[in-house]
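This report introduces a structure to a reader who has not met it before. It proceeds from single residues to cores and then to the contacts between helices.

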Amino acid sequence: MQISAKDLILLISLASLVFLIAPLFLILYVRSYNIKKKKYTEEKEHMQRIYEQELLNTRIEVQEQTMQTIASDLHDNIGQLLSLSSLILGSVNTEQPEKVKEKITAAHDLTILSIKELRELAKRIQGSQLISSGLHEAMALELDYLKKSLVYAIDFKISGEVKQSNDPDRDIIVFRLFQELLNNIIKHAHATEIGVILEYYGSVFKLKVNDNGSGFNFSEGIGKRGMGLDNIQRRVSMLGGEVSFNSSSGEGTQVTVFIPYSSSV
Amino acid sequence: MSSYISFNIVVEFIALVFAFIFLRKDKSFWKIMITYLGLVVLTEITGKHLRYLHYPNQWVYNIFLLIEAGFVGSVFYFLLKKNKAWIFSGLLLFLLSYGIELCTNGFMRFLSYTNIVSSTIFIFYCLYYYYLLINEEDHHDLKKHAAFWWVTGAVFYYFGGTVCNIMFDYLSSISSETLGYPVRYIVFCVLNFILYSCWSYSFLCRYRQKT
């Protein structure tokens, strides 16, 4: 079959048109891919901003908690000791020399105790700054302080090889999580025993906090103001981890947190 | 004088004016656009003039093939910075084809196969540029991206002209009177319009990018 010149030309024209449409679709594809990349970058930046904001909030919360502890410790503990020692010194009567020595000794003992308490307090302030050099140490200091109240029997265990984090920002969020879990126990659980287990498995670490308190119904607790469970969940998921709450009324609570851990060798 | 003015020359001249206005102060490789477009206009006018005088003009376009390959290769050399091997391999292939066809057909006949080879190489460069652009981690504002518009013009021109380039010998053998209309001329008018519109816009983008 012979193709006429006109048919061939028509064919050439159509083929040229197709060859023009092909790059058009290619360019549309490049454009849509670029738009997707733009959206992805914007989303990433948005997430980064949220993370930074959360980090800032966490830092403020940790500082606030430290300040609250310092304030209550100064008022309830050191303040009382110094008031007592001032009272004792004020009651010293030089006309009763036999009692002077006894009172001065008592005031001296109280002053020494105050100094010891102040040192403990200073350690605690340092503790919130110690997070970057060791999360487990900051946690241990937090628990030591709680132990001192004599309200709780504390059991703190670390298993696995303790690794130094190379991301202090993540550590401060984890530390704040830990503080929030302890706060919940103090405020709501009416517990007498607190158990904390910190386990390191390769690139993940597990934090398990349990108490023998009153427990709670998880579905009710999630919306309850003051418990901060949604806050805990949000922060854990922001770190790419998982959290599980195991609790029922009257049977205590067990919270398990898994967090991917970036460690330096 | 009016016989020297064609649609293609007007479009090319406008692109030259755009290049001069927006790129004359540019200190990068973009400045070579002015020289190249100047040579394009000069080639077209020379070709027209020789045709007007009934002299063969295909040798002019054979020389221009060298200029075009050198220019497009140089631009892609800067656009595909990390992949210089591809540029040199492409240019080598072009020169090989040019040499072979020159020895076979002589200088007075248009080197149509070399034209196909060079177009294919340039299409490859354009696609490779898009590939790199897609794989870049950062996104670009494509509406204002000078290099993107330059490559877009090139890909339309070289890809769209493929059929006419392949059928060049056939189209040259039949007169436009037989067909009723000059197909190749119309196709290349459209392609030139797209090419130089995209390039002119890319010059504007480049100017805005710098200021």
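## A buried methionine

B:M33 has its place in helix 2 of chain B, which covers residues 32-52. The model discussed here is predicted. The relative accessible area of B:M33 is 0%, and the residue is therefore buried. Leaving out residues up to four places away in sequence, B:M33 touches B:L23, B:F71, B:V75, B:W150 and B:F203.

B:M33 can also be placed relative to B:C189. The two residues are 156 residues apart in sequence, and their C-alpha atoms are 20 Å apart in space.

## The nonpolar cores

The largest nonpolar core has 69 residues. Which of its residues touch the most other members? They are B:F76, B:Y129, B:W150 and B:F203. Two of these names, B:W150 and B:F203, have already appeared among the contacts of B:M33.

B:F203 touches B:A15, B:F18, B:A19, B:F22, B:L23, B:W30, B:M33, B:L37 and B:W150, when residues up to four places away in sequence are not counted. Separate from this core is a second one of 40 residues, which includes A:V174, A:F178, A:V196 and A:Y200.

## Residues of helix 1 in chain B

Helix 1 of chain B spans residues 7-23, and B:L23 is found in it. Is B:L23 buried or exposed? With a relative accessible area of 0%, B:L23 is buried. Not counting residues up to four places away in sequence, B:L23 touches B:F18, B:W30, B:K31, B:M33, B:I34, B:F203 and B:R206. The C-alpha atoms of B:L23 and B:C189 are separated by 25 Å, and the two residues lie 166 residues apart along the chain.

B:N8 is also in helix 1 of chain B. Its relative accessibility is 7%, so B:N8 counts as buried. Apart from neighbours within four places in sequence, B:N8 is in contact with B:Y185, B:F188, B:C189 and B:N192. B:V11 lies in helix 1 of chain B as well, and counts as buried at 10% relative accessibility. With neighbours within four places in sequence set aside, the contacts of B:V11 are B:N192, B:F193 and B:Y196. B:V11 and B:V41 are 30 residues apart in sequence, with a C-alpha to C-alpha separation of 9.5 Å.

## Helices 3 and 5 of chain B

Helix 3 of chain B (residues 58-79) and helix 5 of chain B have axes that come within 11 Å and cross at roughly 15°. The two helices are therefore roughly parallel to each other, and their crossing is left-handed. Helix 3 of chain B contributes B:L65, B:E68, B:A69, B:V72, B:F76 and B:L79 to the contact, while helix 5 of chain B contributes B:T114, B:N115, B:S118, B:F122, B:Y125, B:C126 and B:Y129. By class, the contact has 9 nonpolar, 3 polar and 1 charged residues.

One of the residues in this contact is B:S118, which lies in helix 5 of chain B, residues 112-135. The relative accessible area of B:S118 is 2%, so B:S118 is buried. B:S118 touches B:L65 and B:F94, not counting residues up to four places away in sequence.

## Contacts between the chains

How does helix 1 of chain A, residues 5-90, lie relative to helix 6 of chain B, residues 146-160? Their axes come within 8 Å and cross at roughly 155°. That angle makes helix 1 of chain A roughly antiparallel to helix 6 of chain B, and the crossing is right-handed. On the side of chain A, the contact is made by A:S16, A:F19, A:L20, A:A22, A:P23, A:L24, A:I27 and A:V30; on the side of chain B, by B:F148, B:T152, B:V155, B:F156, B:F159 and B:G160. This contact has 11 nonpolar, 3 polar and no charged residues.

Helix 1 of chain A also meets helix 10 of chain B (residues 183-210), where the axes come within 10 Å and cross at roughly 15°. These helices are therefore roughly parallel to each other, and their crossing is right-handed. The residues in contact are A:I9, A:I12, A:S13, A:S16 and A:L20 of helix 1 of chain A, together with B:V183, B:V187, B:V190, B:L191 and B:I194 of helix 10 of chain B. They divide into 8 nonpolar, 2 polar and no charged residues.

Terms used:
Residues are numbered from 1 along each chain as its sequence is written. Chains are lettered from A and ligands numbered from 1 in the order in which they are written. This is a predicted model: local features need pLDDT of at least 70, side-chain atom pairs count only at pLDDT 80 or more; totals for chains, interfaces and linings use all residues. Side-chain values use heavy atoms; hydrogens and water are left out. A nonpolar core is a set of buried Ala, Val, Leu, Ile, Met, Phe, Trp, Tyr and Cys residues joined through side-chain atoms within 4.5 Å. Buried means under 20% relative accessible area, exposed over 50%, partly exposed in between (1.4 Å probe, protein chains only). Contact means heavy atoms within 4.5 Å. Helices (H or I, at least four residues) and strands (E, at least two) are DSSP runs, numbered from the N terminus. Axes are lines fitted to C-alpha atoms, for helices over the stretch in contact, and angles run from 0 to 180 degrees between N-to-C directions. Angles under 35 degrees count as roughly parallel, over 145 as roughly antiparallel, 65 to 115 as roughly perpendicular and the rest as oblique. A crossing is left-handed if the near helix is turned anticlockwise from the far one by less than a right angle, and right-handed if clockwise. Ala, Val, Leu, Ile, Met, Phe, Trp, Tyr, Cys and Pro count as nonpolar, Asp, Glu, Lys and Arg as charged, and the others, Gly among them, as polar.
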